[in-house]
Amino acid sequence: MTRKTVKRVKTGSVERRFSMAKAGFLAGAKYATASAGSIFTPKDQREARRKENLSARAQELVDELGRLKGSVVKIGQMMALFGEHFLPEEVTTALHTLENQTTALEWPSIERHLKRELGEVKMAELDIEETPLAQVHKAIRKSDGKELVLKIQYPGVADAIDSDMRALVRLLKLSRLVPMTEQFNLWLDEVREMLQREVDYDLEAHTTRHFRQVLAEDTRFVVPEIVTEYSSHNIMCMTFERGISVTDPSVLKLSQERRNFIGRAIMELCCREVFEWNKMQTDPNFGNYLLRFGDSPENDQIVLLDFGAIRDFDNEVLGPGREMIRASFHHDGDRLVRALNALDFLARGAPRRLLDDFCSLCFEAIEVLQDPDRYPPPAEVLNDKGEYCWGNSDLPNRIMNRASRNALSVHFDVPPKEFIFLARKLLGAYTFLHVIEAEVRGNTILEPFIHMQEEADVILVDQKTISPVD
């Protein structure tokens, strides 16, 4: 399929605001017209018609965002990633299409930008492919044939973030597709902060070097090397790293031993981020990983890509989250309630029955990391060695079905963003192992990490805790 391209990015704030306002107004008008027309639809068909209409209007908006490119696309992608907490399902579904269907900038515009950033001399040293590979352009250094990639920030993108955010809010208001709540506004602030980090290529290059250094002795992982001579404030040059997608059909053709090796590695990386480094990849989509097969299982490797969504957490916010994991692992309800309260997840006066139900939910949520001899999961997810069969598990569906009953309670506040980041991280690791159908005892992965920073976390939670029970 031919990739859609545009000659230039609309960078002027007036032009971008007009494009979004026009799209929002048209979507809102169409939605209102279709909604009015549904009055004559039989009652049993109205909800399906409403969802169909909402989905179509949301997709039209997303198509306009994709044409605009720049920060507004990243806004949409981030809202898709975290938006299920405050956006209609039809809107988040449409936003997810931005991950793969954004419009590329035509090569002459990219070439002019590269020449301004790198200069004619540096450009002459590289043979750059005009067609982008995902979000980067592959290049060959002519002097030694070294394969590189150039991650290019479109001109004016960083400067457009604030105006794009304001324009997007107006678009959503005009479209009438999203409820304008206080929680939605808080998340917009978080998205703005995340965007500022993602367009900071100097910070991303620093973070990439950091991960390359801390994982240098772990041969299971490959982190690209930053090539400074072809990098600038708006261009990041890295070594090109080969590999295949996690979802490639060839992955499931690997032996169980090899898939277990890969799964254990990714879950251990998750534990290191949460318990050891306080530095977390908050965008756990499969596009940030490649697999590289060696000549034996122990030589298989995971290539880690895109460190723009790495977020640093201090113990003040991550400590209670770690305590939630420990309490769930030990099935300690009182400890879990203290951690929840420290996260400001509980309203005052929550009845004990509701707390017990929620604790039971958390205990089940961590079954993949439990000792199956102490707390057995459903029989169908264990093999004859007592290993958890991640591919057979329907754990997220079970948890969502139970959580939906608790989430509606007035005693549970909207989850703080730090809690959602942590939940996303764990879910991303779970999904990775689920897709490759790993069979691993999760407790043997978690146990080496679970006591890290524990004493300080317990003290912190005790300091922040006020009993939520009347």
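**A tour of helices 16, 10 and 11**

Begin by selecting helix 16, whose buried residues (buried meaning under 20% relative accessible area with a 1.4 Å probe, protein chains only) pack against helix 10 (315-329) and helix 11 (333-342), contact being heavy atoms within 4.5 Å. This is a predicted model, in which local features need pLDDT of at least 70, side-chain atom pairs count only at pLDDT 80 or more, and totals for chains, interfaces and linings use all residues. Residues are numbered from 1 along each chain as its sequence is written, and side-chain values use heavy atoms, leaving out hydrogens and water.

Within helix 16 (residues 454-464), colour Glu-454, Asp-457, Leu-460 and Val-461, which are its buried residues. Looking down the axis of helix 16, you will find these buried residues within an arc of 125°, so they line one face of the helix. On the face turned away from that buried side, select Glu-455 and Gln-463, which are exposed, that is, over 50% relative accessible area.

Next, show helix 10 together with helix 11, whose axes come within 8 Å and cross at roughly 160°. That makes helix 10 roughly antiparallel to helix 11, a term for angles over 145 degrees. Among the residues making this contact are Pro-320 and Met-324 of helix 10, and Leu-336 and Leu-340 of helix 11.

Finally, keep helix 11 alone in view: 8 of its 10 residues are buried, so helix 11 is largely enclosed by the rest of the structure. Its buried residues, including Gly-333, Val-337 and Asn-341, pack against helix 10, helix 12 (352-365) and helix 16.

Terms used: Helices (H or I, at least four residues) and strands (E, at least two) are DSSP runs, numbered from the N terminus. The arc is that of the directions from the helix axis to the C-beta atoms. Axes are lines fitted to C-alpha atoms, for helices over the stretch in contact, and angles run from 0 to 180 degrees between N-to-C directions. Angles under 35 degrees count as roughly parallel, over 145 as roughly antiparallel, 65 to 115 as roughly perpendicular and the rest as oblique.
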